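Student: I am new to this structure. Could you show me how to read it, one feature at a time?

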Amino acid sequence: MVDVIAVLTGSSIPRRYWSDLKISLKNEGSEVYEKIVQLKAIEIRKALTDEWERGGMKEGVEFAILTDEICRAWTGMATREYKN
């Protein structure tokens, strides 16, 4: 995303531009900010599941347990509670 910002804006500090934009969107209550957060969460979950697979974890119950632990650490709620 930072590379795209650099090209579109010509900014010499695209990472800062992106950071300021996200803060502004969040402060405005923009849905765009929420979508950015969701995309980042998906990206992180994919990286984690790739790592789990490399470590020998099997999909299904083991992934569900790890995902639930991450959700509890992040939100203080179980995955099912958070989804509801």
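Tutor: Start with a term. A nonpolar core is a set of buried residues such as Val, Leu, Ile, Trp and Tyr, joined through side-chain atoms within 4.5 Å. Keep in mind that this is a predicted model.

Student: Which residues make up the largest nonpolar core?

Tutor: Six residues do: Val2, Ile5, Trp18, Leu25, Tyr33 and Ile36. The elements that each give two or more residues to this core are α1 (2–9), α2 (14–28) and α3 (31–54). Look at isoleucine 5. Leaving out residues up to four places away in sequence, isoleucine 5 touches Gly10, Pro14, Tyr17 and Trp18.

Student: How do I read one helix, say α2? Which of its residues are buried?

Tutor: First, the general idea. An α-helix has 3.6 residues a turn, so residues three or four places apart point the same way. Now the case here. Pro14, Trp18 and Leu25 are the buried residues of α2. They lie on the same side of α2, because they cover an arc of only 40 degrees around the axis. On the other side, Arg16, Lys26 and Asn27 are exposed.

Student: What covers the buried residues of α2?

Tutor: The cover includes α1 and α3. After α2 comes glycine 29, with a positive phi near 75 degrees.

Student: How do I check the length of a helix such as α3?

Tutor: Compare its span with 1.5 Å a residue. The 24 residues of α3 should span 34 Å, and the end C-alpha atoms are 35 Å apart, so the two agree. For α2, 15 residues reach 21 Å from first C-alpha to last, close to the 21 Å expected.

Student: What caps the N-terminal end of α3?

Tutor: Serine 30 does: one of its side-chain oxygens lies 3.0 Å from the backbone nitrogen of valine 32. Beyond the helix, α3 is followed by glycine 56, whose phi is positive, near 95 degrees.

Student: Which residues of α3 are buried, and what do they pack against?

Tutor: Tyr33, Ile36, Thr49 and Trp52 are buried. The buried residues of α3 pack against α2 and α4.

Student: How many aromatic pairs does the whole structure hold?

Tutor: The search finds 1. Tryptophan 52 and phenylalanine 63 form this pair, with ring centres 5.3 Å apart. The angle between the planes is 70 degrees, and the pair is edge-to-face.

Student: Where in the chain do its two members sit? Are they buried or exposed?

Tutor: Tryptophan 52 is in helix α3 and phenylalanine 63 in helix α4 (residues 61–75). They are 11 residues apart, and the pair links distant parts of the chain. Both tryptophan 52 and phenylalanine 63 are buried.

Definitions and conventions:
Residues numbered from 1 in each chain as written. Predicted model: local features only at pLDDT ≥ 70, side-chain atom pairs only at ≥ 80, totals over all residues. Heavy atoms only, no water. Buried < 20%, exposed > 50% of the residue type's maximum accessible area, 1.4 Å probe, protein only. Helix = DSSP H or I, 4+ residues; strand = E, 2+ residues; numbered from the N terminus. Contact = heavy atoms within 4.5 Å. Phe/Tyr/Trp six-rings, centres within 6.5 Å; stacked < 30°, edge-to-face > 60°. Expected span 1.5 Å × (residues − 1). Polar contact = N/O pair within 3.5 Å; in protein donor to acceptor, adjacent residues only side chain to side chain. Arc of directions from axis to C-beta.
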